[in-house]
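The exercises below invite a newcomer to read a structure step by step, from its helices to its sheets and then to single residues. Please keep the sequence and the model open while working through them.

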Amino acid sequence: MTSAGPLLSDVQFRKIAGLVYEDSGIILTEAKRSLLMARLNRRLRALSLPDYGAYCQRLDGTEGPAERRHLLSAITTNVTAFFRENHHFQSLARDILPPMVEQARRGRKLRLWSAACSSGEEAYSIAVTLLDVFTDAASHDALILATDIDPEMVDRAERGLFSEEAMKPVDPAQVKRHFQPVPAGYEANADMRGMMRFAELNLHGDWPFSGRFDVIFCRNAAIYFDSPARRRLWLRFAAALEPGGSLYIGHSERLDGPASACFDVVGTTHYRRNLHPVPTTS
Ligand SMILES: C[S@@+](CC[C@H](N)C(=O)[O-])C[C@H]1O[C@@H](n2cnc3c(N)ncnc32)[C@H](O)[C@@H]1O
């Protein structure tokens, strides 16, 4: 025990890091050890557990599966913001959405996915951008899927409540059009929420949908995965996108590996699905 809390032995660190990798693909290197301790010490206190030995026992016991979800919530980095990397939303509004919206008005469905949505700011930025281009979206088949591995984040995203501070990057005219003031800050309007769906989803697990997407945002999540997991994810995105569909990734991420053949570079961290068949991996 230290003044900051119980100590995490090498064996316990490797066990917990192994479970995190198995469940999420997130790599916890030795450099992340103090971060892990800082976050898990809070969890130990919440559970009134004396040390990491007891915590590891909990992970092995009947509470294990539920605890592993808490472990992921504790370890994921959920930093996000409205209109983060705004050039993506500018390109979406200017170049990508107008032809898609035209087709959607003629009866084609439109599907966008915020694939690591955290507390929802990215998904609502997509929704605001779409509604500004597609004012009559409600009378057509347009949906935005917002998913994250962290159930607490998915709940927050679904609530659609944002503090005044969080809303600062949103243009005041857009705030007026798509949100209403509430005591805690702002709440997303019902018409915007009506075209959004929220779900817990592990990018390395099953994806319970068969249709393809026109646009996928997966930003600042793959950076936490190792190279094989990242490359597998790019391949799955290639298979999940319509030809001509767009993939936006985070500023420090690059699309690499066999999936690169399936994409053309459009702009910084923006790729377009081409007609190249998705390579099989074995
Ligand atoms: C730093 S946030 C990025 C949020 C948003 N995409 C953005 O760029 O502002 C990373 C998010 O990825 C999620 N995440 C991490 N591993 C994941 C996985 N295996 N499947 C789905 N989401 C994951 C985390 O829970 C976290 O909310």
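Before the first exercise, one definition is needed: the axis of a helix is a line fitted to C-alpha atoms over the stretch in contact, and angles run from 0 to 180 degrees between N-to-C directions. The structure shown is a predicted model.

**Exercise 1. Determine how helix 1 and helix 2 are oriented to each other, and name the residues that make the contact.**

Step 1. Helix 1 covers residues 10-24 and helix 2 covers residues 33-47, and the two pack with their axes 12 Å apart, at an angle of about 85 degrees.

Step 2. Angles from 65 to 115 degrees count as roughly perpendicular, and helix 1 and helix 2 are therefore roughly perpendicular to each other.

Step 3. On the side of helix 1 the contact is made by D10, F13 and I16, while helix 2 contributes R33, L36 and L40.

**Exercise 2. Work out the order of the strands in the open sheet that 3 strands form, and trace how they pair.**

Step 1. As background, strands of a sheet pair through backbone hydrogen bonds, either parallel or antiparallel.

Step 2. The order of this open sheet is 3-5-4, and its pairing is antiparallel; strand 3 (161-162) and strand 4 (179-182) are the edge strands, each of them pairing on one side only.

Step 3. Between strand 4 and strand 5, which spans residues 185-188, there are 4 bridges in the antiparallel sense, and these two strands form a hairpin with 2 residues between them.

Step 4. Individual partners can then be located in strand 5: V182 has G185 as its bridge partner, and P181 has Y186.

Step 5. On the other side, strand 3 is joined to strand 5 by 2 bridges, again with the strands running antiparallel, and the bridge partner of L161 in strand 5 is E187.

**Exercise 3. Describe the open sheet that 7 strands form, and find the helix that lies across strand 1, strand 7, strand 8 and strand 10.**

Step 1. The strands follow the order 6-2-1-7-8-10-9, and the pairing is mixed.

Step 2. The edges are strand 6 and strand 9 (263-267), each of which pairs on one side only, and neighbouring strands of this sheet are turned against each other by 20 degrees on average, direction ignored.

Step 3. At the edge formed by strand 9, 4 bridges join this strand to strand 10 (residues 270-273), the two running antiparallel; here G267 has H270 in strand 10 as its bridge partner.

Step 4. The helix in question is helix 5 (residues 87-105), which lies across strand 1, strand 7, strand 8 (241-249) and strand 10, and which runs at about 160 degrees to strand 8.

**Exercise 4. Explain why the rings of W113 and W207 count as an edge-to-face pair, and place the pair in its surroundings.**

Step 1. The whole structure holds 17 aromatic pairs. In the pair of W113 and W207 the ring centres are 5.0 Å apart and the planes stand at 85 degrees, so the pair is edge-to-face, given that planes over 60 degrees apart are classed in this way.

Step 2. W113 belongs to strand 1 (residues 110-114), whereas W207 is in the loop between strand 6 (196-200) and strand 7 (213-218), so the pair ties together parts that are 94 residues apart in sequence.

Step 3. Both residues fall under the 20% cut-off for buried: W113 has a relative accessible area of 0%, and W207 has 12%.

Step 4. Ring pairs link W113 and W207 with F209, F213, W234 and F237 into a cluster, and R236 lies over the face of W207, at 4.0 Å from the ring centre.

**Exercise 5. Decide whether S114 and D132 are buried or partly exposed, and list their contacts beyond neighbours within four places in sequence.**

Step 1. S114 is placed in strand 1 and is buried, at 0% relative accessibility.

Step 2. Leaving aside neighbours within four places in sequence, S114 is in contact with E122, A123, I126, L145, A146, T147 and F217.

Step 3. D132 is part of helix 6 (residues 121-133) and counts as partly exposed, with 28% relative accessibility.

Step 4. With neighbours within four places again left aside, the contacts of D132 are Q174, R177 and H178.

How values were computed
Residues are numbered from 1 along each chain as its sequence is written. This is a predicted model: local features need pLDDT of at least 70, side-chain atom pairs count only at pLDDT 80 or more; totals for chains, interfaces and linings use all residues. Side-chain values use heavy atoms; hydrogens and water are left out. Rings of Phe, Tyr and Trp (its six-membered ring) pair if their centres lie within 6.5 Å; planes under 30 degrees apart count as stacked, over 60 as edge-to-face and the rest as tilted. Buried means under 20% relative accessible area, exposed over 50%, partly exposed in between (1.4 Å probe, protein chains only). A charge sits over a ring if NZ of Lys or CZ of Arg is within 6 Å of the ring centre and within 35 degrees of the ring normal. Two strands pair if DSSP finds at least two bridges between them. Angles under 35 degrees count as roughly parallel, over 145 as roughly antiparallel, 65 to 115 as roughly perpendicular and the rest as oblique. Contact means heavy atoms within 4.5 Å.
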